[in-house]
Amino acid sequence: MDRARDSDLGDVFMVRARRCKRCGGLLTSAQAVADGYGHVCKMKELQKQQAREELKNQYSLFGGEETEE
């Protein structure tokens, strides 16, 4: 009787999972675990990094100048 009840529960399996560095969601794919980010958060982090790189190349004519009066 116990054996029949155990078969109703199905197989028990383990999934290697970690949490996303950005949102804290569960990461289950091997690539996501290796990257530390899910696919959506990875794209957002890449966009953020590109924006920071673009800002390095910007120069403002009005910022950082000292005026003498």
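Where is Phe-62 found? Phe-62 sits in the segment after H3. This report starts from that residue and then moves through the rest of the structure. Please keep in mind that the model is predicted.

## A patch on the surface

Phe-62 is exposed, because its relative accessibility is 79%. Phe-62 also has company: together with Tyr-59 and Leu-61, Phe-62 makes up a nonpolar patch on the surface. The accessible area of the three residues together is about 480 Å².

## The overall plan

Let us step back and look at the whole protein. Three helices and two strands are present. Read from the N terminus, their order is α-β-β-α-α. The protein has 69 residues, and 12% of them count as buried. About 6900 Å² of the protein is exposed, with 51% of that area supplied by carbon and sulfur atoms.

How do the contacts spread along the chain? Take the contacts with a separation of 6 or more: residues 24 or more positions apart account for 0% of them.

## The nonpolar core

Which residues form the largest nonpolar core? The five members are Cys-20, Leu-27, Ala-32, Val-33 and Cys-41.

Ala-32 is a good member to visit. Its place is in helix H2, which covers residues 30-35. Ala-32 counts as buried because its relative accessibility is 10%, and buried residues are those under 20%. If we leave aside the neighbours within four places in sequence, Ala-32 is in contact with Leu-27 and Tyr-37. Leu-27 is also a member of the core. For a sense of distance, look at Arg-19, which is 13 residues away from Ala-32 along the chain. The C-alpha atoms of Ala-32 and Arg-19 are separated by 9.5 Å.

Two cysteines belong to the core as well, Cys-20 and Cys-41. Cys-20 is buried, since its relative accessible area is 6%. Cys-41 is buried too, with a relative accessible area of 8%.

## Cysteines without a bond

A disulfide is a covalent bond between the sulfur atoms of two cysteines. How many disulfides does the count come to? The count comes to zero.

The distances show why. The cysteine sulfur closest to that of Cys-20 belongs to Cys-41, and because the gap is 3.7 Å, the two are too far apart for a bond. For the sulfur of Cys-41, the closest cysteine sulfur is in Cys-23, at 3.7 Å, which is again too far for a bond. The cut-off behind this reasoning is that the sulfur atoms must lie within 2.5 Å.

## Charged partners

Side chains of opposite charge can pair when their charged atoms come close. In this model the count comes to four salt bridges. Three of them are set out here, each with the distance between the closest N and O atoms.

| Salt bridge | N to O distance |
|---|---|
| Glu-45 and Arg-22 | 3.4 Å |
| Lys-42 and Asp-35 | 3.0 Å |
| Lys-56 and Glu-53 | 3.2 Å |

Begin with Glu-45, which forms a salt bridge with Arg-22. This pair links distant parts of the chain, with the partners 23 residues apart. Glu-45 lies in helix H3, residues 39-56, while Arg-22 lies in the loop between strand E1 (18-19) and strand E2 (26-27). Are these two partners buried or partly exposed? Glu-45 is buried, because its relative accessible area is 19%, whereas Arg-22 is partly exposed at 42%.

Next comes the salt bridge of Lys-42 with Asp-35. Lys-42 is partly exposed, as its relative accessibility is 30%. Asp-35 also counts as partly exposed, at 25% relative accessibility.

The pair of Lys-56 and Glu-53 stays within one element: both residues lie in helix H3. They are three residues apart, about one turn of the helix. Lys-56 is exposed because its relative accessibility is 60%, and Glu-53 is partly exposed with a relative accessible area of 40%. Elsewhere, salt bridges that share partners join Arg-22, Glu-45 and Lys-48 into one network.

Methods
Residues are numbered from 1 along each chain as its sequence is written. This is a predicted model: local features need pLDDT of at least 70, side-chain atom pairs count only at pLDDT 80 or more; totals for chains, interfaces and linings use all residues. Side-chain values use heavy atoms; hydrogens and water are left out. A nonpolar core is a set of buried Ala, Val, Leu, Ile, Met, Phe, Trp, Tyr and Cys residues joined through side-chain atoms within 4.5 Å. Buried means under 20% relative accessible area, exposed over 50%, partly exposed in between (1.4 Å probe, protein chains only). Contact means heavy atoms within 4.5 Å. Helices (H or I, at least four residues) and strands (E, at least two) are DSSP runs, numbered from the N terminus. Accessible areas come from the Shrake-Rupley method with a 1.4 Å probe; for residues, only the protein chains shown count as cover. A salt bridge is a side-chain nitrogen of Lys or Arg within 4 Å of a carboxyl oxygen of Asp or Glu. Patches are made of residues with over 30% relative accessible area and no salt bridge: like charges are joined within 9 Å, nonpolar side chains (Val, Leu, Ile, Met, Phe, Trp, Tyr) within 5 Å.
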